[in-house]
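Hi everyone, thanks for making time for this. I'd like to walk you through one protein structure, piece by piece, so please have a look at the picture as I talk.

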Amino acid sequence: FGGTRGPWCGAPISDSCEVRFGVRGLDSYIDPATGGRVFAVNGHPVFIRGANYICSDFLLRQPAARVWSEVRLHVTAGLNMLRCWGGAGCQGQALYEACDALGVLVWVEFWITADNDGAEGGAAGNPLDHELFLHSAARVIRDSRAHPSVTVYVGGNEQRPCAELDAGLASLVGSLAAGRPYVSGSVFDGFADGCGGHRPNSEVFWDGPYGPQDPRVFFDADFYAFGFNPELGSVGLPVYETLCRALPGDMSQMPVFKPVT
């Protein structure tokens, strides 16, 4: 406001803060022609080129400078969405702030994964404390909802949460982060085949493929059958100089790609 007194009635300022914010329009829908989910920003459909952001440090350290550097690397690689995979815990403000500034969309995912819920549709007893789970989810939504980069909230990886948690998450997103879609899992509602393998007379869904890929196969017309692939395996190796520093002797020689038939 300028000076030390507010503009109203000459009263002193009791508190102040400085924030950055952004405004953007978001539409998300399932394309009937492909079954894939579409994201449109400010009225313009965006062709999603994404990556899973899991955890770059075993000790879960997230210094802001490092996080910004990692997001810049994704931008340099031509990517425009980061999926905060649910099995990797929660991301701090630095990631959202970097994505806001650098124009990267963010997919926020909760903590139901194929290796901990035990059953298709989610095992009702896992996680054990549903109240704590939803309390934690509400905190994540409140911490992320002010960021224009945050685009979609997803219940879990490859599985739906159990019915109680699924309904609870949908309610939280609807009440705390209005305007963002909630999707039960990463292979439903426009991701993978959109039906989790339960569409009558259809192919069973899949994400992947996994393992190192020959980059040329991504341009094959039949590489992936569905409109939006939520997850791929590794597609490359560290740069050659890093291999030489990390591996001794002949182990650091550049590998040769040999297709297995």
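I'll start with the overall layout, then go through the sheets, a pair of helices and the cores.

First, a heads-up: what you see here is a predicted model. The protein chain has 261 residues, and 39% of them are buried. It contains five helices and eight strands. If you follow the chain from the N terminus, the elements come in the order β-β-β-β-α-β-α-β-α-β-α-β-α. So how do contacts spread along the sequence? Take the contacts between residues at least 6 apart in sequence: 64% of these join residues at least 24 apart.

Okay, on to the sheets. Let's begin with the one made of three strands. This sheet is open, its order is β1-β2-β3, and the pairing is antiparallel. Which strands are at the edges? Those are β1, residues 26–30, and β3, residues 44–46, and each of them pairs on one side only. On average, neighbouring strands in this sheet are turned by 35 degrees against each other, if you ignore direction. Strand β2 covers residues 37–41, and three bridges connect it to β3. If you'd like one pair to look for on the screen, find valine 41, which stands opposite histidine 44 in β3.

Now the other sheet. This one is open too, but it has five strands, ordered β4-β5-β6-β7-β8, and the pairing is parallel. At its edges are β4, residues 50–53, and β8, residues 182–183; each has a single partner strand, so one side of each is left without a neighbour in the sheet.

Let's step across this sheet strand by strand. β4 and β5 run parallel and are joined by four bridges. Asparagine 52 has arginine 83 in β5 as its bridge partner, and tyrosine 53 has cysteine 84 in β5. Next, β5 is joined to β6, again by four bridges with the strands parallel. Here arginine 83 turns up again, and its bridge partner in β6 is tryptophan 107. One step further, six bridges join β6 to β7, also running parallel. On that side, you can look for glutamate 109, whose bridge partner in β7 is valine 154.

How many residues of β6 are buried? Nine of its nine residues are, and that makes β6 mostly covered. β5 is worth a look as well. Met81 and Arg83 point one way from this strand, while Leu82 and Cys84 point the other way, and all are buried.

Let's move to two helices, α1 and α2. They pack with their axes 9 Å apart, at an angle of about 40 degrees. That's why we call α1 and α2 oblique to each other. Their crossing is right-handed. As for who meets whom, the α1 side includes Ala64, Trp68 and Val71, and the α2 side includes Leu95, Ala98 and Leu102.

That brings us to the inside of the protein. The largest nonpolar core has 33 residues. Which ones have the most contacts inside it? They are Val71, Leu95, Phe110, Phe133, Ile141 and Tyr153. Several elements each supply at least two residues of this core: α1, β5, α2, β6, α3, β7 and α4. And where does the largest share come from? That's α3, with six residues. There's also a second, separate core, with 12 residues, and among them are Leu26, Ile48, Met81 and Leu105.

To finish, let's zoom in on two residues. Isoleucine 141 is one of those with the most contacts in the largest core. Leaving aside its neighbours within four places in sequence, isoleucine 141 is in contact with Phe110, Tyr153, Leu172, Val173, Leu176 and Ala177.

The other residue is leucine 134, which sits in helix α3, residues 130–144. Not counting residues up to four places away in sequence, leucine 134 touches Leu165, Gly168, Leu169 and Leu172. You may spot that Leu172 is on both lists: leucine 134 touches it, and isoleucine 141 is in contact with it too. Last one: how far is leucine 134 from aspartate 166? In sequence they are 32 residues apart, and in space they are 9.9 Å apart, going from C-alpha to C-alpha.

That's my tour. Happy to take questions!

Notes. Residues numbered from 1 in each chain as written. Predicted model: local features only at pLDDT ≥ 70, side-chain atom pairs only at ≥ 80, totals over all residues. Heavy atoms only, no water. Contact = heavy atoms within 4.5 Å. Pairing = 2+ DSSP bridges. Axes fitted to C-alpha atoms, helices over the stretch in contact; angles between N-to-C directions. Core = buried A, V, L, I, M, F, W, Y, C linked by side-chain atoms within 4.5 Å. Buried < 20%, exposed > 50% of the residue type's maximum accessible area, 1.4 Å probe, protein only. Parallel < 35°, antiparallel > 145°, perpendicular 65-115°, else oblique. Left-handed = near helix turned anticlockwise from the far one by under 90°.
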